Each structure stands twice: as structure tokens, then as C-alpha cells.
Amino acid sequence: MRVEDPDERPSSPDAPGPADRRDQGTQPSRSAPNDRSEQRAETMRVLRRMAALPAGDPERSRLRDEVVEDHMAYARHIAQRYGGRGASGEDFEQVAYLGLVKAVDNFDPEHGTGFLGYATPMIIGEIKRYFRDATWGVHVPRRMQELSGALRKATDTLTHDLGREPTIPELAAHLGAEPEEIVEAIDAAGAYTTASLDHPVNTDEQGASLLDFMGEQDARFDAVVDRQVLTELLTRLGERDKRILLMRYFRGMTQAEIGAELGVSQMQVSRLLSRILKELRTGFG
């Protein structure tokens, strides 16, 4: 079983992620759509066989390892999206692998969701928890970590609204905190260290900087992850909500036409669409 190449543009919302090609020295070839469908189907077949076996069965353990190995490259790609934020890339990869293993262990093939649609949010969740808990330069209480993160957003919001930098009392009122906590959160932010992109990588006067070694992000990689998250979110919608999205964005129907088919007003359709889209956006965190 092989998970498809990450350079392929997915043809469906549950298109699988990159294959693990660590031991191959050549450029991977592109798979046809039928190959991708077969790969997804093979993953589901293996997971169903695994679920049918008892916990201590050696064959179950072998199948589990097979699924994990085939999706490690996909987990690594997700980890790379969060790399360079106070922890080594290897740390993030290990956390991503942990999320992948949990996804394999907890996935129910009879639930009706594709494996990557289930595994992607779990991997991202593990990375975000690690990022929150373990990537500060010194130990900082959880409350201060959360307040420090909220402080940056609040500062941007109030600066835009007020046309100037907000004061400590204004930030405290906006966040529902005491002014003393805001001061502590500002100090705590200094405990999270980052390296400047202009920082030289050696002591030579003509040495290169970190920026010289940074590659460009391929938007198609992010699209694969986003499509997997969206697929899982869509499965949670009610049948009417799915029907409205289908009519509006796939059939190109106007709100008035949708209302006529559903027997509701155009205003009701507008409200329904706003609610559905808000729920989907919230699911991306």
C-alpha cells in the first residue's frame, strides 16, 4: 500500500497525502486518479482488516505498522507547517507521528469518513498542544501563555479600532483581565525566543543568513491538508445544509432559486448560508 505523492494536485476532498520516499533517490512519478482511488481504497481495506482482529493479534500489529509507515510522509508535511517556532523540526515531526498513531488506533472504518479526513485534525491537534505546552524558552504558567497569545491579537485589534497603540487598562478591559496580568503577560512573551532571519549561520563575515536557506511553501501542499479538514467538517453537516451548499456552490443557483426549491424566503437562505459558512470556518481553528 502506498500513499500518493504530495506534488500531485488532489482531485477530490479526501485525496491522500505524500508517500514516504526517504529510501528513494529519484523523483517520484505522478499517479493517475485511478491510482489514488485505489490507494485510498487499499488503506480502508487494511484498516477494516485490522479492526476485525483482536488487540493482541500479531497480524493486527503488522497492519497497524503498515498504515502508520505509509502515512508518515503526510504527517511530516503537516509538522513542517509548524516548524521553526521555538522547537526543532524533528520535535514537531515526532509529535505529528504520535498524532498519526493515535489516529490509526482510534479510527473507525465504519464511521463513513476517509482516513485522512479523520487523521489530519488529530495530527494538527497534537502539534498545537505541543506548541502551546513545550516550545517556550523557560517555564511559563499556562494562564500567562494563553494571555500572551491573546494579547497580540487584542493589540492588533485595538490599534486598528483606536488608531493608536492601546494602553494597559484598555487591553485589560478588552481581555477581561487585571492590568497587572497584562504586564505579566507582556513580560512572559519575552520567554518565547525566536531567531532573526538575518541571523548568520556561521561566524564568517560573509556568511549566509537563515533567510538564505529558507525554501518557498508550495500552496498545493496546504491545499491537501485544508481539503482533508474540510471533508471531515462537511460530514458533520445536516442533510439540508449539505443540500444548500450543493445548490449554491456546485449548481450555481441563486439564493432566490434555492429558497423556491426549499420553500423558504431568500432572506432565510442568506441566514442559513451565513451560519453554515461560519461553522466551517470555525472548524479550521
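Student: Which residue meets Glu-42 in a salt bridge?

Tutor: Keep in mind that we're looking at a predicted model. The N-to-O distance for this pair is 2.9 Å, which is within the 4 Å cut-off for a salt bridge. The two residues sit three apart in helix H1 (residues 33–51), so about one helical turn separates them. The partner of Glu-42 is Arg-45.

Student: Are Glu-42 and Arg-45 buried, exposed or partly exposed?

Tutor: Buried means under 20% relative accessible area and exposed means over 50%. Glu-42 has 21%, and Arg-45 has 36%. Because values in between get the middle label, Glu-42 is partly exposed, and Arg-45 is also partly exposed.

Student: How many residues apart in sequence are the parts that Arg-48 and Glu-110 tie together?

Tutor: Arg-48 and Glu-110 form a salt bridge, with their closest N and O atoms 3.5 Å apart. Arg-48 lies in helix H1, while Glu-110 is in the loop between helix H4 (89–106) and helix H5 (115–134). So the pair links parts whose separation in sequence is 62 residues.

Student: In the salt bridge between Glu-232 and Arg-236, which residue is buried?

Tutor: The side chains of these two meet at 3.5 Å, N to O. Arg-236 has 58% relative accessibility, so it counts as exposed. The other partner is at 9%, under the 20% cut-off, so the buried one is Glu-232.

Student: Which residues do salt bridges with shared partners join into one network?

Tutor: A search of the whole structure turns up 15 salt bridges. Some of them share partners, and that joins four residues into one network: Arg-49, Glu-59, Arg-62 and Glu-66.

Student: Over to H12: how wide an arc do its buried residues cover around the axis?

Tutor: Helix H12 runs over residues 266–283 and reaches 26 Å from first C-alpha to last, close to what's expected at 1.5 Å a residue. Its buried residues are Val-269, Leu-272, Leu-273, Ile-276 and Leu-280. They lie on the same side of H12, because the arc they cover is only 100°.

Student: And which residues are exposed on the other side of H12?

Tutor: Val-269 and Leu-280 are among the buried residues of this helix. Look at the other side of H12 and you'll find the exposed ones: Arg-271, Lys-278, Arg-281 and Thr-282.

Student: How many helices does the whole protein chain have?

Tutor: There are zero strands to count. Reading along the sequence, you meet α after α, and the helix count is twelve.

How values were computed: Residues are numbered from 1 along each chain as its sequence is written. This is a predicted model: local features need pLDDT of at least 70, side-chain atom pairs count only at pLDDT 80 or more; totals for chains, interfaces and linings use all residues. Side-chain values use heavy atoms; hydrogens and water are left out. Helices (H or I, at least four residues) and strands (E, at least two) are DSSP runs, numbered from the N terminus. The expected span of a helix is 1.5 Å times one less than its number of residues. Buried means under 20% relative accessible area, exposed over 50%, partly exposed in between (1.4 Å probe, protein chains only). The arc is that of the directions from the helix axis to the C-beta atoms.
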